[in-house]
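Subject: Structure handover and notes

Hello,

Please find the structure below. My notes on it follow, grouped by region.

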Amino acid sequence: MMTHIKIVEVGARDGLQNEKTPLSVDDKLTLIHDLMAANLKFIEAGSCVSPKWVPQMASSTEVYRQLPKDTDISFSLLTPNTQGIKDALEVGCQEVAVFTAASESFTKKNTNCTIDESFERILDIISLAQEHDVKVRGYVSCVVDCPYEGAIDPTKVASIARRLYDMGCYEISLGETIGTATPNQVRRLWQACRDELDISILAGHFHDTYGMAIANIYESLEQGIAIFDASVGGLGGCPYAKGASGNVATEDVHYLMTGLGLSTGIDIDKLVQASHAICQKLARPNGSKFTNAYLANCH
Ligand code: HMG
Ligand code: MG
């Protein structure tokens, strides 16, 4: 029986990548230290992508360099190609994330290549990672809808996830990139994946554009998924999925899990502080329903 939920905190990467106001290395480190204080154990710390494509992530290796080394926390960096993993290795990164999509047009817009070409890049990344004993997590984007192509066939998503697994990804996160999905679609997605893979290695990565993320996570739990990506304060969005809002807020996922009797290990008071601090820094409204209620009622 499921008792614990693994949360992968993506606020420092997915959460910040779309923010126009440049944040300093110190500001990013403050955010990550606040997340560590909230007891998050899996933290995506940034991405080694082209600064021309995603300027906010340009300081990711500098951020990573200054993270504590002697810790039980797993800090990862998102890498699109050989240059990305080389940069990550140079700062001692122990885990990288690779990414592709179940849509050709999105892959082209996001990484300027076809899905097959993205797999060639991923193969290069994985072989370098394995040489250096670095773990590799995989992402598939547009698992329900694509902003350019519309509905995506769940069996296509399942076969791409399978391909990532066969290449050496230890965990694969399915990205509902534009936050349009409803639970019936999410159920069909996990059912298609179950035919290809052991679903215990799959994670749900839900954006919350239409306010469906918590409903989709609940459906995913019902289908046996026990790993979820989330972003403090609901920060985020993909620069190549116009109008898509942030990831589901980590605080809201924690509230759901606690209510269902599942543990996340999170210190919620500390997480609310982290959430409030980063949203103030970015001068943006807090995207977590939990945090807004907590701050209004309790403090
Ligand atoms: P390109 O322009 O086709 O590549 O971009 P290129 O090889 O021609 O290189 C162009 C320039 O970028 C060159 O510099 C390279 O050196 C440089 P120049 O010679 O012009 O000065 N470059 C790099 N610089 C730093 N780090 C690198 C790197 N690679 C090349 N690794 C590329 C191809 C893949 C680089 C580009 O398209 C890119 O960086 N894309 C990343 C886009 C991105 O970060 N998107 C958001 C993350 S994915 C996401 O959010 C979805 C997810 O959350 C799940 C979900 O929600 O669905 C994961
Ligand atoms: Mg995302």
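**Ser288 and the loop around it**

Leaving out residues up to four places away in sequence, Ser288 touches Gly233, Ala249, Glu251 and Asp252. Please keep in mind that this is a predicted model. Ser288 sits in the loop between α11 and α12. Its relative accessible area is 0%, so Ser288 is buried. Ala283 is also placed in the loop between α11 (268-282) and α12 (289-298). At 69% relative accessibility, Ala283 counts as exposed. Ala283 also has a positive phi, near 50 degrees, in a residue other than glycine.

**Helix α10 and Ile214**

Two of the residues that Ser288 touches, Glu251 and Asp252, are listed among the buried residues of α10. The others in that list are Thr250, Val253, His254, Leu256 and Met257. Helix α10 covers residues 250-259, and seven of its ten residues are buried, so the helix is largely enclosed by the rest of the structure. Gly261 follows α10 and has a positive phi, near 80 degrees.

Ile214 belongs to helix α9. With neighbours within four places in sequence set aside, Ile214 is in contact with Val248, Asp252, Val253 and Leu256. Asp252, Val253 and Leu256 are buried residues of α10. Ile214 itself is partly exposed, with a relative accessible area of 29%. Between Ile214 and Phe106 there are 25 Å in space, C-alpha to C-alpha, and the two are 108 residues apart in sequence.

**Helices α7 and α8**

Which residues of α8 are buried? They are Val186, Leu189, Trp190, Ala192 and Cys193. Seen down the axis of α8, these buried residues fall within an arc of 160 degrees, so they line one face of the helix. The cover over them includes α7 (154-167), β8 (171-176), β9 (202-206) and α9 (213-222). As for its length, α8 runs over residues 183-194, and its twelve residues should span 16 Å at 1.5 Å a residue; the end C-alpha atoms are 16 Å apart, which agrees.

Helix α7 has 14 residues and reaches 20 Å from its first C-alpha to its last, close to the 20 Å expected at 1.5 Å a residue. Its buried residues are Val157, Ala158, Ile160, Ala161, Leu164 and Met167. They pack against β4 (95-101), α6, β5 (135-141), β8 and α8. Gly168, just after α7, takes a positive phi of about 125 degrees.

**The magnesium ion (ligand 2)**

Which protein atoms are the donors of the magnesium ion? They come from Asp14 (OD), His205 (NE2) and His207 (NE2), and they lie 2.0 to 2.3 Å from the ion. Along the sequence, the spacing of the donor residues is D-x190-H-x1-H. His205 and His207 are both buried. Water is not among the atoms, so the site may look incomplete.

**Ligand 1 and the residues around it**

Ligand 1 is surrounded by 27 residues, and the closest are Lys52, Asn110, Asn112, Ser141 and Thr177. Three polar distances to nitrogen atoms of the ligand can be listed:

- Cys48: a polar backbone atom is 2.9 Å from a nitrogen atom of ligand 1.
- Asn81: a polar side-chain atom lies 2.8 Å from a nitrogen atom of ligand 1.
- Gln83: an N or O atom of the side chain is 3.4 Å from a nitrogen atom of ligand 1.

Asn112, one of the closest residues to ligand 1, is found in the loop between α5 (104-111) and α6 (115-131). Its phi is positive, about 60 degrees, although Asn112 is not a glycine. At 42% relative accessibility, Asn112 counts as partly exposed.

Thr111 is placed in helix α5. Is Thr111 buried or exposed? Thr111 has a relative accessible area of 13%, and since buried means under 20%, it is buried. Neighbours within four places in sequence aside, Thr111 is in contact with Trp53, Phe99 and Arg121.

Regards

Terms used:
Residues numbered from 1 in each chain as written. Chains lettered and ligands numbered in written order. Predicted model: local features only at pLDDT ≥ 70, side-chain atom pairs only at ≥ 80, totals over all residues. Heavy atoms only, no water. Donors = N, O, S within 2.8 Å, 3.2 Å for Na, K, Ca; no water. Buried < 20%, exposed > 50% of the residue type's maximum accessible area, 1.4 Å probe, protein only. Helix = DSSP H or I, 4+ residues; strand = E, 2+ residues; numbered from the N terminus. Expected span 1.5 Å × (residues − 1). Arc of directions from axis to C-beta. Contact = heavy atoms within 4.5 Å. Near = heavy atom within 4 Å. Polar contact = N/O pair within 3.5 Å; in protein donor to acceptor, adjacent residues only side chain to side chain.
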